[in-house]
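Open the model in your viewer and keep the selection tool at hand. We will go from stop to stop, and at each one you will hear what to select and what is there.

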Amino acid sequence: MTPSRTSPARSRATLFALTGLAAASMLLAGCSSPASTAGSTTAAADGAAPVSNGAAQVKVTLTGNDCTTDYSSAPSGPVTFEITNTDAAGLSEVELMSDKRILGERENIVAGLQASSFTVTLTGGTYQLNCPGATTENSDFTVIGDATTAPSDVQGQLAEGTVGYGTYVEGQASNLVDAVATLDAAVQAGDVTAAQAAYAAARPFYERIEPVAESFADLDPEIDARVADVEPGTEWTGFHPIEKDIFETGAITDSTKALSTKLVADIAQLQTLTTGLTYKPEELANGASSLLEEVQSSKITGEEEAYSHIDLVDFVANVEGSEQAFEFLKPALTTIDPDLTSSISAEFTSVDAMLATYKDSAAPGGYKLYDEALRTSDAPKLTQAIQALQAPLAQISEKVATA
Amino acid sequence: MAREHEAREHEARENGAGRDNGEARENGAATGKDDQGTRGGISRRAFFGGAVASAAAGAAIGVTTTGLTGQAVAGAPASGQPGSSTPADETYAFYGEHQAGIRTPPQDHLVFMVFDVTTTSASELQVMLAKWSAAIAQYTSGLAVGAVEPERELAVPGDTGEAEGMGANQLTVTVGFAPSMFDGRFGWAKYKPAALNDLPAFASDALTPQFTGGDICVQACASDPQVAYHAIRNLARMARTTATTRWTVQGFGRASRSADQATPRNLMGFKDGTRNIVSDDDFAQQVWVGADSDQQWMTGGSYLVARKIHMLIETWDTDYIGDQHAVFGRTKLEGAPLTGTAEFDTPDFAATGADGNPVIPANAHVALAAHENNNGTKILRRGYNFTDGIDSVGRLDAGLMFISYQRDPQQFIALQQKLGRMDRLNEYIRHVGSGVFAVPPGLSAAGDYFGKALFE
């Protein structure tokens with residue numbers, strides 16, 4: 001991202017540029033209802049889906065351009081949707097929605113492959129079965145029984161996750177304050193070697209929470225602007241001019257010391273601003289994805305750490321920050337879309353394993369220097385690993401949106 | 001993977017801007033004419049191979065197939081012929097005995113992409129191939145896969161959108177499997193055709209790692225480059241957790257011909273494809289894998305050989321015309337063999353001049369590649385001109401993306417072993433990229449997918 005110094009003054013910008021979400025009512029799923037005896041099939045009243053093995057059974061068929069169900073209502077309690085794609089080339093996904101929220105879904109139901117199913121526990125009310133691309137995309141699905149407004153497990157898990165993420169951000173900000181203090185001590189003492197080590201140690205705390213920091217549009221450029229981002233006539237401050245002095249020039253001057261003093265103050269301000277912030281689940285999701293955008297747009301190219309070449313340290317920190325945000329959403333996401341969740345987990349595992357091969361305890365920050373030779377040989381491989389992670393990760397925002 | 005495969009863009013259909021005009025053409029342009037109907041006794045030369053049209057009268061090309069929505073496929077004019085529909089609206093049937101994009105009259109544009117399969121899970125590969133198959137059915141009908149503009153604010157668009165409203169543009173997408181797919185990763189080892197092996201090294205090869213190797217190739221051809229690129233880009237996108245892009249070539253002008261097309265020129269300025277395969281007999285004997293092969297799943301399939309050939313066009317452009325004629329064994333404007341006067345005259349390799357030397361030099365390209373001098377071997381060439389800007393030493397980076405189809409890669413190997421050693425053209429070309437792929441037969445109907453038999 002390219003923070004601009006010319007942004008109009010404002011307080012905390014909408015986190016992660018999330019805008020325009022419509023409010024939706026809290027019609028919720030997930031409250032348990034007594035299930036019927038396992039193994040039995042109960043004829044349902046009023047043409048509702050029959051209950052078998054404790055769940056109402058609804059068959060969804062994708063054929064041609066159509067998406068049809070054998071029953072359009074079910075008794076409250078667990079409902080299993082079994083989806084078969086006979087020959088619908090353009091259809092491969094079925095979602096159960098309540099207003100705009102996705103309660104359960106199956107993807108990759110491709111013509112020629114096996115049937116797939118998902119089970120959700122529903123209380124009385126009207127839901128929508130959505131088959132993206134079908135002649136009729138949305139059809140109502142009615143659940144007969146008591147409605148409730150008690151929060152579902154999923155809502156509770158999401159709320160818990162956002163609180164947990166807030167604590168994580170505060171922890172990173174606090175560590176950042178300490179690490180920048182160490183850097184400042186080395187700079188004020190004129191110790192270039194110690195300053196280099198302290199610089200590499202401080203950067204990850206910022207990079208892990210970068211989307212949060214960037215939401216403060218006035219402060220972020222003061223802390224993290226690269227020289228190319230600075231408007232002519234404006235002073236260049238923050239980490240990177242200090243980086244230039246201690247890594248490229250190799251000399252600490254009065255100007256370096258002044259920059260360091262200002263950085264300490266700006267980071268203190270960042271800590272104040274991030275303390276007590278609350279987050280929406282979709283902000284965590286968008287933040288997780290935008291950290292991977294950061295990796296692809298400025299780390300993989302070696303632009304971020306142009307003097308120290310510790311881009312891989314930032315790279316790893318971005319991925320760690322992304323993984324943390326994902327982990328806080330994971331309990332709820334596992335309920336909403338278990339396949340996608342395990343796919344993302346597997347991709348994080350594979351990216352983490354790849355990044356581990358770049359560890360180098362002798363290098364500042366603990367990772368190999370990202371010099372031109374390494375970039376030439378390894379950038380395509382790193383790009384493809386990050387793209388493989390970001391593709392599924394970008395899908396979670398709409399699934400956890402609470403609107 | 002979420003939405004990549006979700007929705008066809010139904011708005012396009014509803015507002016009349018749909019890219020599907022509801023009619024599909026036969027897999028290979030049924031024109032109702034045979035190729036003898038438009039050209040007499042023919043002998044045609046070409047860049048590689050020197051295949052000759054069969055003397056037997058060819059039947060109407062193509063097999064009767066079933067269209068996407070089940071209707072019988074109607075014939076339509078071939079590319080370049082006047083007709084009631086424009087190329088933007090024209091479609092080629094995706095389902096059929098053979099894959100489209102082989103016998104299909106070469107469209108004007110190519111995007112060729114080779115993927116590495118990164119998953120080790122056979123079921124993930126299976127899902128990817130099934131998704132691709134369904135998606136290709138949509139794209140070749142002029143439809144999107146997934147919403148360009150989803151209703152939900154936080155939804156990521158399924159389709160990237162750049163082909164919206166453009167029409168199918170005769171798009172064909174052809175898929176092939178490299179030998180590496182049969183190395184045991186996916187339980188396919190027992191299905192490996194004996195004929196499918198990495199190509200041997202040839203004399204004068206100058207292969208570079210960035211244009212060789214890979215597991216699966218996808219050849220997208222269309223009358224519009226953006227439509228072809230859209231298909232490849234979206235297939236790459238939906239495969240992102242399963243396969244990565246390894247190398248690609250974009251071709252901007254066809255450099256081969258089918259029965260009803262005029263012979264195009266390669267970047268050396270010479271006609272290419274004069275003697276290309278056009279007849280049913282030649283397709284049956286030289287291109288399609290028969291039921292007698294060691295792997296039944298390949299019946300109706302073919303083998304694709306890809307060679308990215310860099311042309312040293314600056315030096316070629318300083319060569320005098322007499323030498324250019326001698327290099328090819330043909331004239332430049334007409335494309336006639338040096339022993340004839342018209343493009344389709346049969347070359348006479350025995351004719352000698354006043355000095356006692358052959359009129360067509362023995363090391364001329366056409367002489368080395370002609371089936372008369374290769375035990376009757378022919379290959380179907382379906383290449384495209386390409387440019388990749390400026391190369392690392394300051395030359396124009398351009399040439400021929402050579403693609404050939406044959407029932408056994410040995411056909412290409414035998415020809416190239418000879419050409420690589422002796423062809424006078426080698427002074428002006430470098431083979432920098434290479435691949436060989438088993439191209440399975442066409443899919444029967446929705447629900448069938450590439451490699452289905454290999455997962456059983």
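## Starting with the domains of chain A

Select the C-alpha atoms of chain A and colour them by domain: the centres of domain 1 and domain 2 are separated by 43 Å. Domain 1 covers 41–149, while domain 2 is made of 154–335 + 344–397. Please keep in mind throughout that this is a predicted model.

Now colour chain A by pLDDT. The mean is 86, and 87% of the residues reach 70 or more. Then select residues 1–40 of chain A, where pLDDT stays under 50. For this stretch the model has 88 contacts beyond four places in sequence, so treat its placement with that confidence value in view.

Switch to a cartoon view of chain A, and you can count 11 helices and 11 strands. Of its 403 residues, 49% count as buried. Among the contacts between chain A residues at least 6 apart in sequence, 70% join residues at least 24 apart.

## A five-stranded sheet in chain A

Next, select the strands β5, β11, β10, β7 and β8 of chain A. In that order they form an open sheet with mixed pairing. Which strands sit at the edges? They are β5 (73–75) and β8 (101–106) of chain A, each of which pairs on one side only. Look along the sheet, and you will find neighbouring strands turned against each other by 25° on average, direction ignored.

Zoom in on the β5 edge. Here β5(A) pairs with β11 (residues 138–144) of chain A in the parallel sense, over three bridges. To find your bearings, pick A:Ala74, which stands opposite A:Val143 in β11(A).

## An enclosed helix in chain A

Move on to helix α5 (residues 239–249) of chain A. Is this helix enclosed or open to the outside? Eight of its 11 residues are buried, so α5(A) is largely enclosed by the rest of the structure. Show the side chains of the buried residues: A:Phe239, A:His240, A:Pro241, A:Ile242, A:Glu243, A:Asp245, A:Ile246 and A:Phe247. Then add what covers them, which includes α1 (153–188), α2 (192–208), α4 (219–224) and α6 (254–274) of chain A. Just after α5(A), select A:Gly250, which has a positive phi near 75°.

A further backbone feature is waiting at A:His309, in the loop between α7 (281–299) and α8 (311–336) of chain A. Its phi is near 60°, a positive value in a residue other than glycine. A:His309 counts as buried because it has 21 C-beta neighbours inside 10 Å.

## Across to chain B

Now show both chains and select the residues where they meet: 31 residues of chain B are in contact with 31 residues of chain A. Which element of chain B gives the most to this side? Helix α3 (residues 122–139) of chain B does, with six residues. Colour the chain B side by residue class, and you will see 16 nonpolar, six polar and nine charged residues.

Staying in chain B, select B:Asn169, in the loop between α3 and β2 (172–177). B:Asn169 has a positive phi of about 50° although it is not a glycine. With 27 other C-beta atoms within 10 Å, B:Asn169 is buried.

## Strands and a hairpin in chain B

Next, select β4 (residues 243–254) and β7 (residues 384–390) of chain B. These strands pair in the antiparallel sense over three bridges, and B:Gly253 stands opposite B:Asn385 in β7(B).

Add β8 (residues 396–406) of chain B, which runs antiparallel to β7(B) and is joined to it by five bridges. Pick B:Ile390 and you will find its bridge partner, B:Leu396, in β8(B). The hairpin of β7(B) and β8(B) has five residues between the strands, and B:Gly394 takes a positive phi near 90° there.

For the last stop, go to helix α9 (residues 409–422) of chain B and select B:Lys418. Is B:Lys418 buried or partly exposed? With 17 C-beta neighbours inside 10 Å, B:Lys418 counts as partly exposed. Finish by drawing a distance between the C-alpha atoms of B:Lys418 and B:Leu368: the two residues are 50 apart along the chain, and these atoms are separated by 7.1 Å.

Technical notes. Residues numbered from 1 in each chain as written. Chains lettered and ligands numbered in written order. Predicted model: local features only at pLDDT ≥ 70, side-chain atom pairs only at ≥ 80, totals over all residues. Contact = placed C-beta atoms within 7 Å. Helix = DSSP H or I, 4+ residues; strand = E, 2+ residues; numbered from the N terminus. Nonpolar A, V, L, I, M, F, W, Y, C, P; charged D, E, K, R; others polar. Domains from an automatic or database assignment. Pairing = 2+ DSSP bridges. Axes fitted to C-alpha atoms, helices over the stretch in contact; angles between N-to-C directions. pLDDT = per-residue confidence, 0-100. Buried ≥ 20, exposed ≤ 12 C-beta atoms within 10 Å, placed from the backbone.
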